[in-house]
Amino acid sequence: MFLFTLYRILKFAIQGFWRNFWLSVVTISVIVLALVSINFLLILNVSANSAVEYVQDKIDISIYFKNDVDESIIIEAKNRIETLSQVEKIDYISKDRAIDDFRQKHKNDRFILEALEAAGENPLVGSLKIKSRNIDDYQMIMYFINSSKYDQYIYDKNFDDHKSFINQIHNISKIINTVGIIVVLIFVIISILIVFNTIRLTIYAHKDEIAVMKYVGASNFFITSPYFFEGILYSIISFVISIFIFYFLINSIQPITIKYFQGMIDIKAFISDNGLYIFGSEFIGTALLTVFASAIAIRRYLRV
Amino acid sequence: MSMIHLENISKLYSGDVMALDDITLDIESGEFVSLVGMSGAGKTTLVKILIAAERVDKGKVVISDWDITKIHRSDIPFLRRQIGVVFQDYKLLEKKTVYENIAFALQVCGSAPSLIKKLVPDTLHIVNLNDKKNNYPNELSGGEKQRVAIARALVHAPKILIADEPTGNLDMINSQEILDLFLNINKIGITVLLVTHNKDLVDSIKKRVIVLENGKVYSDKTKSKYSL
């Protein structure tokens, strides 16, 4: 009996969908717009975060010690700096390693190598390369070094401050987020109103059938369920269309982002890692939204 | 055994309109009762109370040993499957054939297709509309439309059949045919409550007549005529 009832509920839901075909098209279009704008916002967010991470990864502090400073002092300085909670990683580059790295880097440049040989002894100095946990920690680390006893042994400190660039990305990302959330909210509200209105009109179109159903003893579940299913039908179709549009967009954008950002932003990889979670949440969210809008319409216009 | 038991029921609508005022009635199983009265006498309110479309403000309503005075919303469909209702305006679905209109009543209550295939032709046979089963309502006469509505009300094999002004849109000949049908239905044991204005129709039945006036029972006589 339940299967017959379920079959008939689905049949009535599909009938409702087709009888108001153009209204259904408008409803689906608005939900698709909402979903696509959410996905687009997501891509922008992921891209901005990837860019920030990429730039952050390039930042470090290099401290070059004077030529006559004993290696034990550099090691001591390294051990002391390493104790700072802000420091994520610290590398000691000895004079020997520095010259090896230099030779390796310029192995094809005969003039530089000859100049190095002419200089006789190793002209390079020992250094420490420091990476902080957060971008804001660099100032603190620099302050510590400047005020420590090791400052007198230091010949040069090199810190490329990309903070302003990172802040810019952060700010753009924030603006995109704010504008995006407003746009998404507008679409969500419009979607709720349109679904509500569509279900309301469907109920109106079926008012005679509903009256008969009530008088012949159809259960409230049977009378109301087709409208919930119709709402879910809207979300399923909208969801599938939005996925197609999204993949089309990704495939169009991906080669550009890979080329422009030198591979640091890989949207496809992000989607394949998180797609199930993202699309699953979106589908559940859309279904809840349509069921919510349907429930309001049913409660308001379907006295059973 | 009482099929319908009303005990001191009152119904007050907003604006202090007393639709029903302390009515006590018993209708036995298998009885044929005509409920008459002028407009505003409370007939339709009484019908609505019997099918739980309205609730009484005071009193007790019992249908076939089931106290429905404070019936839960979810139980109303089960009550309505025991009470067939026929209206003046037929309430047929114009886009469905005669067969589909009757089958619809079973479909929406979850009946199996095999049961529908058996019950619908049987019911069509009772109302003598087998040859019209593929016609749409707009291809039928008023009397035929009302017979489809009666078939739809009967298909659940109800204990009670309530007809609210069933002949209001029909001529005398069609009205008499519909009345004969109700009398035949009553003969198979179904309690019939006929709500009507039609004096000639009521007079020809010679069965129990309850007259309502201003929400009260004005008279209640067996084998009576319609008189105020």
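**Notebook: the chain B sheet, the A–B contact and Glu53(A)**

I began with a pair of strands in this predicted model, and I found that β1 (residues 2–13) and β4 (residues 58–63) of chain B run antiparallel to one another and are joined over five bridges. To pin the pairing down at one position, I looked up Ser10(B), whose bridge partner in β4(B) is Lys58(B).

I then followed the sheet outwards, and noted that four strands of chain B make up an open sheet in the order β2-β1-β4-β5, with antiparallel pairing. At its edges I found β2 (17–28) and β5 (66–67) of chain B, each of which pairs on one side only. I also checked what packs on this sheet, and it is helix α1 (residues 43–50) of chain B, which touches β1, β2 and β4 of chain B and points at about 120° to the direction of β1(B).

Next I turned to the place where the chains meet, and I recorded 18 residues from chain B and 16 residues from chain A in the contact. On the chain B side, α2 (76–80) and α3 (98–107) each supply at least two of the residues that touch chain A. Sorting that side of chain B by class, I noted nine nonpolar, four polar and five charged residues.

My last entry concerns Glu53(A), which I located in helix α2 (residues 21–58) of chain A. Is Glu53(A) buried or exposed? I put it down as exposed, because it has 12 C-beta neighbours inside 10 Å, and the cut-off for exposed is 12 or fewer. I also looked up its separation from Met264(A): the two are 211 residues apart in sequence, while their C-alpha atoms are 9.1 Å apart in space.

Notes
Residues are numbered from 1 along each chain as its sequence is written. Chains are lettered from A and ligands numbered from 1 in the order in which they are written. This is a predicted model: local features need pLDDT of at least 70, side-chain atom pairs count only at pLDDT 80 or more; totals for chains, interfaces and linings use all residues. Two residues are in contact if their C-beta atoms, placed from the backbone, lie within 7 Å. Ala, Val, Leu, Ile, Met, Phe, Trp, Tyr, Cys and Pro count as nonpolar, Asp, Glu, Lys and Arg as charged, and the others, Gly among them, as polar. Two strands pair if DSSP finds at least two bridges between them. Axes are lines fitted to C-alpha atoms, for helices over the stretch in contact, and angles run from 0 to 180 degrees between N-to-C directions. A residue is buried if 20 or more other C-beta atoms lie within 10 Å of its own, exposed if 12 or fewer, and partly exposed in between; C-beta atoms are placed from the backbone.
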